[in-house]
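Hi,

Here is the structure I promised to send over. Have a look at it first, and then read on for what turned up.

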Amino acid sequence: MRTITIGDIHGGLKALVQLLNKIEVKDDDKLIFLGDYVDGWSESAQVIQFLIELSAKIDCVFIKGNHDAWCEKWLDDKDVNPIWYMHGGKETLDSYNMVSDADKEKHLNFFKNMTMYHIDNKNRLFIHAGFTSMHGVEKEVYQQTLYFDRTLWEMALTMDANMEIDSLLYPNRLKHYTEIYIGHTPTTRYNSEVPMQAINVWNIDTGAAFKGKLSAIDVDSKQVFQSDTVFSLYPDEVGRNK
């Protein structure tokens, strides 16, 4: 059995299908999605429908991202958050134009049932963004932090890769888990088109919403899988490259 974690999709259904074909997903694989399924490319509603159907066949974990929280709120109360609208929400709204009310209700339940994080039996943490509690993710006071925080990744980037875990300078936040897998902050901001590792933190968001690729990694073998650059699959769109 493989455990494979997948980065931020942002409405790129074509990239997701291409990526899963490259992975050659098998019935006993476990897929852990790190959030931000919507906002960016034109097929956000279609991504959600695809994932609902996929989860009926394959063991999937769906972690909630900040864009998912915005979309969930709109599906729930029809209130359009202006920040959401400017950061990919418009494209998501357009993707729902031809979706029935019954399917919208199914999608809303899908969002509501997403988890904020996942810890596996090897004490590996999967989360959209990060956490700030020195006592671990379970003790985080503000739940929104779990899908908005960037400080955990920024902290990991500043550390000496050779630092031992028993060092007095080793951050307590990073001691709680053998590995931490995140999305949220595109590695393309650091001129990397592939997933990045800093200490025991792996960032799988490779900028699919912008001009990067959609990425996945086998968390045991560390084999990386990638789609084509997502914007090349949607040549008539700009995604979030505003």
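The sulfur of Cys-60 has its closest cysteine sulfur 19 Å away, in Cys-71, and that is too far for a bond. Seen from the other side, Cys-71 has Cys-60 as its closest cysteine partner, again at 19 Å between the sulfurs, so no bond forms there either. A disulfide would need the two sulfur atoms within 2.5 Å. The count for the structure is accordingly zero disulfides. Please keep in mind that this is a predicted model.

How buried or exposed are these cysteines? Cys-60 has 16% relative accessibility and therefore counts as buried. Cys-71 is at 0%, so Cys-71 counts as buried too.

Now for the overall fold. The protein chain contains nine helices and 10 strands. Its radius of gyration is 17 Å, which agrees with the value near 18 Å that a compact globule of 242 residues would have. The C-alpha trace spans about 55 × 35 × 35 Å along its principal axes. Of the 242 residues, 56% count as buried. If you take the contacts between residues at least 6 apart in sequence, 66% of them join residues at least 24 apart.

On the surface, the protein chain exposes about 11200 Å², with carbon and sulfur atoms supplying 51% of that area. As for charge, there are 25 positive and 36 negative side chains, and the centres of these two sets lie 1 Å apart.

Best wishes

Terms used
Residues numbered from 1 in each chain as written. Predicted model: local features only at pLDDT ≥ 70, side-chain atom pairs only at ≥ 80, totals over all residues. Heavy atoms only, no water. Buried < 20%, exposed > 50% of the residue type's maximum accessible area, 1.4 Å probe, protein only. Helix = DSSP H or I, 4+ residues; strand = E, 2+ residues; numbered from the N terminus. Rg over C-alpha atoms; globule rule 2.2 N^0.38 Å. Contact = heavy atoms within 4.5 Å. Areas by Shrake-Rupley, 256 points an atom, 1.4 Å probe, with all protein chains shown as cover. Lys, Arg positive; Asp, Glu negative; His and termini not counted. Charge placed at Lys NZ, Arg CZ, Asp CG, Glu CD.
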